[in-house]
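Colleague: Would you please take a close look at one part of this model, the residue you consider a suitable starting point, and then set that residue in the context of the whole chain?

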Amino acid sequence: MNIPEIKICGLMTERDVRLIHKYEIEYAGIVLFCKESPRNNPPDRAWRLAALLDRKVKKTAVVVSPTPDQVEMIEHMNFDLIQIHGELSNEVLERCRLPVLRAYNLSQDPVNPQEHEKIVGYVLDAKTPGQGQTFDWSLARDFDRKGKKLILAGGLTAENVREGIQQVSPDVVDVSTYVERKNSPGKDEEKIRRFVEAVRSEKRKRKRMEALERS
């Protein structure tokens with residue numbers, strides 16, 4: 001079974017940043033320019049959170065149908081990647097200087113993924129993103145990743161992530177809703193710990209077996 005990297009999306013607080021570091025999470029997603037999202041950050045807070053993240057963390061700005069001006073602002077905010085949902089115009093793509101993660105909300109309708117040298121990976125999410133819903137993972141198996149990174153999102157939890165990894169073999173698993181705190185903004189440390197354990201337990205098991213074989 002492929003052992004993917006982990007992305008936690010929807011950071012909103014400095015405490016969230018500390019949890020990213022504590023559990024050695026590889027990717028961190030920060031939502032901005034999306035007033036409809038409960039995880040939306042004003043630009044000044046998004047900038048501050050990105051600046052607090054360690055250089056080892058791939059800092060990802062998460063946006064929906066961005067304008068060229070919004071993309072330009074993000075490029076000055078210390079982000080490493082931009083994850084784009086909704087529309088991605090040729091103008092935005094040509095002007096963007098950051099590597100792009102192109103997001104798709106999968107249903108039964110076939111998807112012909114957009115291709116461009118700036119697109120370095122595809123995020124596969126449920127039809128209605130941000131609601132903690134899964135989708136039919138067979139659609140992800142049939143998705144043409146064109147040799148680029150595949151990020152599996154949409155309703156992942158500590159209980160189902162291993163099955164998602166087995167079925168889809170993603171390069172990255174992306175979680176947000178499951179690790180939310182119930183009564184205040186930000187992430188729940190215990191749920192992050194359980195999610196990380198579920199993803200990385202296989203890697204630790206393999207290392208133990210390799211150590212036994214060498215002894």
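**A loop residue and its setting**

Modeller: Lys 146 has a relative accessible area of 27% and is therefore partly exposed, since that class runs from the 20% limit for buried residues to the 50% limit for exposed ones. The model is a predicted one. Lys 146 sits in the loop that joins α5 (137-141) to β7 (149-152). Its backbone deserves attention: phi is near 55 degrees, a positive value in a residue other than glycine.

A second loop residue may be set beside it. Asn 78, which is not a glycine, also has a positive phi, of about 75 degrees. This residue belongs to the loop between α3 (68-75) and β4 (81-85). With a relative accessible area of 41%, Asn 78 is likewise partly exposed.

A helical residue provides a further point of reference. Ser 201 is part of helix α7, which comprises residues 189-214. Its relative accessibility is 23%, so Ser 201 too counts as partly exposed. Although Ser 201 and Ile 3 are 198 residues apart along the chain, 9.2 Å separates their C-alpha atoms.

Buried positions are illustrated by helix α2. Within its residues 43-52, those that are buried are Ala 46, Leu 49 and Ala 50. These three lie on the same side of α2, because the arc they cover around the axis is only 100 degrees. The general background is that an α-helix has 3.6 residues a turn, so residues three or four places apart point the same way. The cover over the buried residues of α2 includes α1 (14-22), β2 (27-31) and β3 (58-64).

These parts belong to a protein with seven helices and eight strands. Its radius of gyration is 17 Å, close to the 17 Å that the globule rule gives for 215 residues, so the protein is as compact as a globular protein of that length. The C-alpha trace spans about 55 × 40 × 35 Å along its principal axes. Of the 215 residues, 51% are buried. Where contacts link residues at least 6 apart in sequence, 51% of them join residues at least 24 apart.

The surface and the charges complete the account. The accessible surface of the protein is about 11,000 Å², and carbon and sulfur atoms contribute 47% of that area. There are 37 positive and 34 negative side chains, with 5 Å between the centres of the two sets.

Conventions:
Residues numbered from 1 in each chain as written. Predicted model: local features only at pLDDT ≥ 70, side-chain atom pairs only at ≥ 80, totals over all residues. Heavy atoms only, no water. Buried < 20%, exposed > 50% of the residue type's maximum accessible area, 1.4 Å probe, protein only. Helix = DSSP H or I, 4+ residues; strand = E, 2+ residues; numbered from the N terminus. Arc of directions from axis to C-beta. Contact = heavy atoms within 4.5 Å. Rg over C-alpha atoms; globule rule 2.2 N^0.38 Å. Areas by Shrake-Rupley, 256 points an atom, 1.4 Å probe, with all protein chains shown as cover. Lys, Arg positive; Asp, Glu negative; His and termini not counted. Charge placed at Lys NZ, Arg CZ, Asp CG, Glu CD.
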